[in-house]
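Here's a quick walk through the structure below. Pull it up in your viewer and follow along.

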Amino acid sequence: MTAPSTTHTSKPAVDYLKIPATGEPYLAGCVCDSCGATYTGTRKVCAHCSARGQMRDIRLAEHGRLYSYAIVHRSFPGIEVPFISAVVDLDGGGTLKGNLMDIEADPEKIQFDMPVRVVFRDALGRKDKDGNHYLSYFFVPAD
Amino acid sequence: MNDEVYVVGVDMLKFGRFPDRTVPDLGAEAALLALDDAGLDIRQMQALYCGNLFQANGMVGQRILQQIGQTGIPVVNCANACATGATAFREAWMSIKAGVHDVALAVGVEQMGRGLLGGGGGNAGIPTEGLLGGGTMPTVFAEAGMEHSRKHGTTFEQFAKVSVKNHHHSTMNPKAMYQVETPLETVMNAEMISYPNTKLMCSVNVDGSAAAVLCSGRKVRELGLTDRAVRIRASALTSDPWQERNLVMPDVNTCTRIAADAAYEQAGVGPEDLDLVELHDCFATAEILHYENLGLCADGEGGRFIDEGHATLGGRTPVNLSGGLLSKGHPLGATGIANIYEVVTHLRGNAGARQVDGARLGLTHVIGLGSACAIHILERV
Ligand SMILES: [Zn+2]
């Protein structure tokens, strides 16, 4: 596994992962002031209640609980397996999908609703054609 | 307006792999078979609705007519993920229902590549599969199955039994890709793709086509086709309503539930009235969710429904007697008409060894991820 690297030269793996010039990376989201629906990223209209002009930018929580998962043993060529594809409900709203790390890829070891933390690490060493490093988010058991 | 719409002709190719053929060629063959089944000619068709996904910009419908008769009729090409074929069928139904046409042809056709579907995503300059979780179809439907597990304790073994059953049914269907019994241990010990879906719990990538001729009640009587006619009691199409986990977890449940509600209401029947169901078993995990989504059993009873054999030939509501997508195969654009072929074949009493005795009412269901759900209810008259 690639060592954590959060240098400011890394680019974000998704557009809602924000890397400020100073301070820690965070996940950006928005909440609808009309119905409370929470989303990753930004948007203008609420897909739930269709209200306009009610979306407020927030920082998503960095802890949550495992809602569902799959253990991926076969993927596209060149993708390292196995990995745990995890669906996590963040505390305070919003659901993210990501890799659940630092735990054995064994259904006996993975519990629904187990508390997890969001961590920011180098994107598994993946670089674009210009050689840029990327920063991504991952889940790890919280305990 | 036409009050009643009927299927008067329907057929499909035995699904398989035809790398040397073209999409219009496969579609044309099914179209001719369906016309022959109806005893009608392409010159009698007033419109063609053609479903194909992977060549959605390729004017496949027109290219089919270039092979079997360019009569100048309106052609609509449609793409709606795995609901593509059913959407084409429904467009034909709507045009007749509206009184615009009295007889129309619907064709669904697909040539599939090999390997995994889905994935990709993300706008970064790096691949995001295996970085932001998984996006392959086996993974998406594994996560949907595990959601059922967390709610109801559904087990890997119960999901695997779906595949055993559908493979068993396919041994009686000469048009299925595979006709091989696959015992539980074979299914569970097959290569794990995305837990809990093993390779034998994933639909088979095949090429194929299916076609149907739809007709108004007035035209059925005029053409003397009453003996061949199967009545379309309901046609419902939905998209996925907002759900809190939509952004990362496509919801195949709610769109199925609202489509089922609409279809049962249109037909004036309930799930207890159905003699057979062809539902969208793109993965074994999905089938158990849809037992409940379609009301074949109560919520939380899906695992027991498979355990107790209610979905097997001879059971309370046999499901996927064709072998389903798991064994008959899943050529995306053709699937939604091929399952209508299966139900019509039972309603006509022509299903051979897998025939449901005295079948009167059947339901077809498909889901296109993204999402679209189409349900049709068909009745013997
Ligand atoms: Zn809202």
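Let's start in chain B, keeping in mind that this is a predicted model. Look along helix 3 of chain B and you'll find a run of buried residues at its beginning: T84(B), G85(B), A86(B), T87(B), A88(B), F89(B) and R90(B). Further along, A92(B), W93(B), S95(B) and I96(B) are buried too. That makes 11 of the 14 residues, so helix 3 of chain B is largely enclosed by the rest of the structure.

How far does this helix reach from its first C-alpha to its last? Helix 3 of chain B covers residues 84-97 and reaches 20 Å, close to the 20 Å expected at 1.5 Å a residue. Just after the helix, check the backbone at G99(B), which takes a positive phi of about 85°.

Now hop over to the zinc ion in chain A. Four cysteines coordinate the metal through their SG atoms, at 2.3 Å: C32(A), C35(A), C46(A) and C49(A). If you read along the chain, these donors follow the spacing C-x2-C-x10-C-x2-C. The pair C32(A) and C46(A) ties together parts that are 14 residues apart in sequence, because C32(A) lies in strand 3 (residues 26-32) of chain A while C46(A) lies in the loop between strand 4 (38-40) and strand 5 (55-59).

What about the geometry? The angles among the 4 donor atoms run from 106 to 114°, and the site of the zinc ion is tetrahedral. For reference, the ideal angle for four tetrahedral donors is 109.5 degrees.

Finally, are those two cysteines buried or exposed? C32(A) is buried, with a relative accessible area of 2%, and C46(A) also counts as buried, at 2% relative accessibility.

Conventions
Residues are numbered from 1 along each chain as its sequence is written. Chains are lettered from A and ligands numbered from 1 in the order in which they are written. This is a predicted model: local features need pLDDT of at least 70, side-chain atom pairs count only at pLDDT 80 or more; totals for chains, interfaces and linings use all residues. Side-chain values use heavy atoms; hydrogens and water are left out. Donors are N, O and S atoms within 2.8 Å of the metal (3.2 Å for Na, K and Ca); water is not among the atoms, so sites may look incomplete. Four donors count as tetrahedral if all angles lie between 85 and 135 degrees; four count as square planar and six as octahedral if opposite donors are over 155 degrees apart and all others between 65 and 115; anything else is irregular. Helices (H or I, at least four residues) and strands (E, at least two) are DSSP runs, numbered from the N terminus. Buried means under 20% relative accessible area, exposed over 50%, partly exposed in between (1.4 Å probe, protein chains only). The expected span of a helix is 1.5 Å times one less than its number of residues.
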